Structure formats: structure tokens, C-alpha cells
Amino acid sequence: MYGLRFVLRATGALTFRVLPGSMLDIASYPFVPPSTLSGFLYRLWRYATSTTKSEGPDFLETGLRDSPFYYLPKPLISLGAYSERIKPVPHRTKRHGTKGFASKTRSALVTADMEAPQLHSWEYLLEEHFVGYVLCQEKEPLEALVAPFRSENETLPYGGKLGKEGYAYLEFVSPVLSFRSERGRAEPRTLITLEEAINGATQGELNFSVYTLYKPVWEGVGNWQDPAPIKGFEQFPMAFPEGGQMETDWWVAEGFRVPQSLVEVWS
């Protein structure tokens, strides 16, 4: 197994919207979901490999009916990105918005019949760094991904929109790393399966919260230039560790590790 380690630096507050959810209550995951990291890296790769503006990608707005999906090719397994803190807690606040998506009154001049604002609850993740991982059975796809992000052993700070709210850029990208298989007890710093979380909690050594994630349903392998052949996304519950250790099989490289079960889930 081979992999890359990414360090993302946020330029401000971030929101990774938890779905399903309410339009008036925007909750955030306390991490960058695997699908979000995959789309972020794919967009950066497309921009980084475009030599002229005319060759640059023209990404359509999301939310359109039957809009395309932009995702790393299937052999590249995105595992998400995580704060360096053990238990990041999103900041919850209030903000004003319109009562309907079609309303234009909030951008118009103030008038007597202007629509009253709607109060939203909104969560922001206030973290400076996120550490992300992409693994692959073969070395070549990882080399293709990392090539435009590194120059003379230095990381080029490509960046863009990340999640529903906020921006981030690449602060560090590792060279392609070789992972070894190892079984042992350690503190997980990534998502884990519910089975492993429950086993760890039963032994009294692991705390966790449960989140619903969304896995792509593939209809092909995909390539670097076209929208991903993804039919849609399916719900998949996973656990986010909040302190403690568990025993499992790990992929280990240069002082960090990821659960092998996480790689299997997102493969």
C-alpha cells in the first residue's frame, strides 16, 4: 500500500455541512469528510495542470439537477482530513438569511415592504490545520496526483474553496510513502468503523461520536479530465474518535497510521 499525507491550512472559519439537516440549522462535521477532500484535491489538480486560462476547468455550480461529480479517480482512496486536536468542537452562532432561496429582497434597496430576515443557526469549524490522507494500491496514480503540487521538494500553495463555507490551501504535501501492515493498540486520529468503535468502547478505552457519511456509487473507474462516473452517493454511518485507544490492523508510515478497515470502506 502507498499513500500521501496532506496538510491543509484554513484561511478562516470552515463549515462541512452535516446531512441530512434543516435549512435553518446548519451543523458542521468536525473534520473534512473523505468525499469533500477528494473533490477539493481533484479541483486543485485540474487548476495546477492547466497551462493556460483557456485550458482551465469549467466547474459547474453544485445543486443543479443532474450536476456532474468531480472526484479523484477510483483507485485513489481519500480518507478525509482531520484537526491536530483530539476533539475539535465547531463554534455555533446565529446569522440572518432569507426565508426562501428565490427571494431577492435582501440584495435590493431598503424598502418598507422588505421581507424580514430569517434567523439561522450555523456552525463553523475554527482550526488552523487539517491533516489528510490519500492511499492507493499502486504508486503511479499517487505520483500523478502529487506531481503538480511539488517543485524541487517544496509544496506549492494551491488552494480553493473547501466545504460549504471557507477556503484552504496546501501547506505541505508529502512524497509518495510506502505503508506497512501492523496490528497493535493505538489512538485513532481518523474516522473508524462502528464495529471497531463499539469494541473499543466496550473495553472502556475509546470515546466516539457517530456521523452519517456519504460514499460514492461508482459506475466506472474515472480519469483525470472528465467528471467522475459516479451514479450518486449512499449513506454510511461511521464513528469519529474523541480520545482513547483501540486494537486493530493499521497501515503505518513514518510516524502516523490509519485503520485498514477505513481504507476498505472507502475503496
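1. V7 has F172 as its bridge partner in β10. The model discussed here is a predicted one. Strand β10 covers residues 167-173 and runs antiparallel to β1, with 5 bridges joining the two.

2. V7 also stands opposite V131, a residue of β6. The pairing of β1 with β6 is antiparallel and comprises 8 bridges. V7 thus has a partner named in β10 and another in β6.

3. A further partner of β1, which spans residues 2-10, is strand β11 at residues 177-178. The two pair in the antiparallel sense over 2 bridges. One residue to look at here is Y2, whose bridge partner in β11 is S178.

4. Where does E127 lie? The residue is in the loop between β5 (118-124) and β6 (129-136). β6 is also the strand that 8 bridges join to β1.

5. Is E127 buried or exposed? E127 counts as buried because its relative accessibility is 9%, and the cut-off for buried is under 20%.

6. Two polar contacts of the E127 side chain deserve a check in the viewer. With the side chain of R85, the contact is 2.3 Å. With the side chain of S83, the contact is 2.8 Å.

7. Which residues does E127 touch, leaving aside those up to four places away in sequence? They are A10, S83, R85 and P88. Of these, A10 falls within β1, at residues 2-10, while S83 and R85 are the residues whose side chains make the polar contacts described in the previous point.

Definitions and conventions. Residues are numbered from 1 along each chain as its sequence is written. This is a predicted model: local features need pLDDT of at least 70, side-chain atom pairs count only at pLDDT 80 or more; totals for chains, interfaces and linings use all residues. Side-chain values use heavy atoms; hydrogens and water are left out. Helices (H or I, at least four residues) and strands (E, at least two) are DSSP runs, numbered from the N terminus. Buried means under 20% relative accessible area, exposed over 50%, partly exposed in between (1.4 Å probe, protein chains only). A polar contact is a pair of N or O atoms within 3.5 Å; within protein, one must be able to donate a hydrogen and the other to accept it, and residues adjacent in sequence count only if both atoms are side-chain atoms. Contact means heavy atoms within 4.5 Å. Two strands pair if DSSP finds at least two bridges between them.
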